[in-house]
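Open the model in a viewer and keep the selection panel at hand. The stops below go from a whole chain to one of its helices, then to a single residue, and last to an interface.

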Amino acid sequence: MELDLPLIFTALMGLAILAYVILDGFDLGVGILLPLATRAEQDMMVASIGPFWDANETWLVLGVGILLVAFPHAHGVILSSLYLEVALMLIALILRGVSFEFRVKASGWHQSMWNDLFFVGSLGTAVAQGAMLAGVITGFRGGPLFIAFEFLVGIGLAGGYALLGATWLAIKTEGDLHRRALTWSKAAALLAAAGVAAISVATPFASAGIMEKWFAWPRLLWLSPLPLLTAVAFAGILLSVTRLQRGASKREWLPFVLSVWIFVFAFAGLAYSMFPYLVVDQLTIWQAAAARESLMFVFVGTCVVLPMIIGYTVFSYRVFWGKARSLTYGE
Amino acid sequence: MSADPLLLARAQFGLNIGFHILFPSITIALAWILAYLRVRIEFADDAWCKAAYRLWVKVFALSFALGVVSGITMSFQFGTNWPGFMNKAGNIAGPLLGYEVLTAFFLEATFLGVMLFGRDRVPAWMHTLSAFLVAIGTSASAFWILALNSWMQTPQGFEMIDGQLHATSWMAVIFNPSFPYRFAHVMIASGLTAAFLVAGISAFQLLRHPDFEPAQRMLRLGVFVAAVLAPLQILVGDLHGLNTLEHQPAKIAAIEAIWETERGAPLLLFAMPNKQTRDNDYAISLPQVASLILTHKFDGELKGLSEFGDKHPPVAQVFWTFRVMVGVGLLMLAASWLGAVLLIRRRKVPRKLLWVYSGMTFSGWIAVLAGWLTTEIGRQPYIVYGVIMTADTASTVPARYIATTLIGYALAYALLLISYMVVLTQIARKEADGKGREVAAPGALRAQVP
């Protein structure tokens, strides 16, 4: 039997993007929440993501890398259509990434400048990625309405990242900061819910094909658990956070896990909408795929290396398990 | 302003990759220096070694972060600026970049977290192993990206089907003719860059505190490593040049500004290559030396630029960038040998030489950038030498988009570069002044200042 390599690489790319959105999502979210905290709390917040952010961002490189490796034709089309959004995201990512280092190593007023840039970079990255998502699902339209939609999705995604960040902090911190993280979780959950709802409503109108995929009977019936479970997860977050606030529960990890669920469901919905297109109604995964010998060459390596990557990623999260401590370089 | 999208796209890509290369050229070698210090700490437990590690791991973390974020930019720039390249050569470029992500990026990023922050969370052997895995990751990354870059210079192992390249042999693609030379040349360049950074920062510390032991030790390390690598680099550079003469004679003709084919070609020490007259103005030359260096014969024949029609790179740029690279290299040789001799004979270097090393802290960057410009501009007008023209792969994005984002990148990079250099000197000064522990990492600030 011939392996359907474009399909396999689509699945891998989906996995990489989902891993990226969840993993970098929580650390970007922590950055978005930064201005809400005191300086001492900010240091603890950054300490909770310090050992992870770098590897988290590598999933973005892997996602784009697979797009480049497996679908070189789509890589060019998508990235040149999203030229400005990509540039905005990159500059924001650069500023945020270096702020991890500069905000503690610089002195005087530079320090607070890098602290501010940490927030600006995190928020800018989230908004730019939302705009990119908006571009991809609408097939790269133009016009003022589209730009408004880009912003809407951008803010929704920033809300989603803030939700992941706040619920992450609820696990990793204690005391005052922990209590505030719970408050932030609720506000972010409402913002994220509005974002998810807006995208779900707007997407079918962007493409007749997507409309057909969702609303044709009896498909609607099979698909209905997806939005319903998402709504249940949102309600679950509000409920579990309230119980934590009242001290009625000790399950600090529950809001974060439910937030991850929401991202998984939203991602599944988007993937269903797009499949099998990489550029909506224009370019399918099979049309955009690289030559078979190239895919095979990378596929073999991926089978060997990806389990190792997952293995040592899990190892790293276990090493830094439990409540965050202030970070010091060991001697 | 007449905006040529191709030139803008090249300028932007050049700016991004030029900024990016600065940091890997430090971290590739610095990772191995840190791994060495780590092992020394485990076995010898020297106080100076711990202090040195504390400073250099901070420098490493900072440089690495800058390398990571500018590297993420690179993975997007292929598609945003050269969609035609991905379209035509994606079958070959893609897998090589893919392997870089899979085998290098995750490894170095994950274990860097353990290396930086995991000292009291993992056993000592695991912590030391993490330092080695980071070093292996940075070197593996260089391996793959140089395999791709070398393949673009000396392509082989492919066939053209319907305007797209298909690999016929991956071994031939990866181990293409210029790869071994370029890989060695770049790895040694990283060693020299890191060695002069270490020597320069240590000298800076010693100028303030002449008896600061960690800086004395690290200065020795930097100077000796440079003294070994500088002559090795000249040897490898010569072999690399001979390889280029064989596979890319137009590049050599441009580097030496040889317009017409000649026997016994002179080595130009100074000249203003003039593309209008296709000759060199104000030339100062050593007769027959270019032929001697490149063919190892006094009357060896070197091909002139006129043999290549208009398919040759711009002459003045590569002529000068090459001379800057060689000039800095010779300066490094002189400075490191002088220091090595003084350190062996008198175990100390005079203050004047400390000033020289301080001034040469970032000399590796100049040589790396000049060398990289030489080889990449020297490949023009091709993006894949002899196979795909650069002009055929450029993006159709409007010039004003490219110009706007170019300015955005340039501003961000200027801010980062200045901040990087300022912070580097600040942490070196604090460490030498005995205040190093205060700025260890996020959170540490509040915990450790009384």
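What follows is a tour of a predicted model, one selection at a time.

**Stop 1: chain A**

Select chain A and colour by secondary structure. There are 14 helices and two strands to find. The radius of gyration is 20 Å, close to the 20 Å given by the globule rule for 331 residues, so chain A is as compact as a globular protein of that length. Turn the C-alpha trace onto its principal axes: chain A spans about 55 × 45 × 45 Å along them.

Now colour the chain by burial. Of the 331 residues in chain A, 55% are buried. If you draw contacts, take those with a separation of 6 or more; residues 24 or more positions apart account for 78% of them in chain A.

**Stop 2: helix 5 of chain A**

Select residues 83-105 of chain A, which form helix 5. This helix has 23 residues, and the distance from its first C-alpha to its last is 33 Å, close to the 33 Å expected at 1.5 Å a residue. Where is the kink in helix 5 centred? Centre the view on Ser99(A): the kink there is about 45 degrees. Show the surroundings as well, since the helix is mostly covered, with 22 of its 23 residues buried.

**Stop 3: Leu165(B)**

Move to chain B and select strand 2, residues 164-167, where Leu165(B) lies. Is Leu165(B) buried or exposed? Leu165(B) has 23 other C-beta atoms within 10 Å; the cut-off for a buried residue is 20 or more, so Leu165(B) counts as buried.

Next, show its partners beyond four places in sequence. Leu165(B) is in contact with Lys88(B), Ala89(B), Asn91(B) and Ile92(B), and also with Phe158(B) and Met160(B). Add a distance label between Leu165(B) and Ile92(B): these two are 73 residues apart along the chain, while their C-alpha atoms are separated by 7.2 Å.

**Stop 4: where chain B touches chain A**

Display both chains and select the contacting residues: 72 residues of chain B are in contact with 64 residues of chain A. On the chain B side, at least two residues each come from helix 3 (47-81), helix 4 (83-117), strand 2, helix 14 (399-432) and helix 15 (444-448). Which of the elements of chain B gives the most to this side? Select helix 4 of chain B, which gives 22 residues. Finally, colour the chain B side by residue class; its residues divide into 42 nonpolar, 23 polar and seven charged.

Methods: Residues numbered from 1 in each chain as written. Chains lettered and ligands numbered in written order. Predicted model: local features only at pLDDT ≥ 70, side-chain atom pairs only at ≥ 80, totals over all residues. Helix = DSSP H or I, 4+ residues; strand = E, 2+ residues; numbered from the N terminus. Rg over C-alpha atoms; globule rule 2.2 N^0.38 Å. Buried ≥ 20, exposed ≤ 12 C-beta atoms within 10 Å, placed from the backbone. Contact = placed C-beta atoms within 7 Å. Expected span 1.5 Å × (residues − 1). Bend = angle between axes of the 7 residues up to and from the residue. Nonpolar A, V, L, I, M, F, W, Y, C, P; charged D, E, K, R; others polar.
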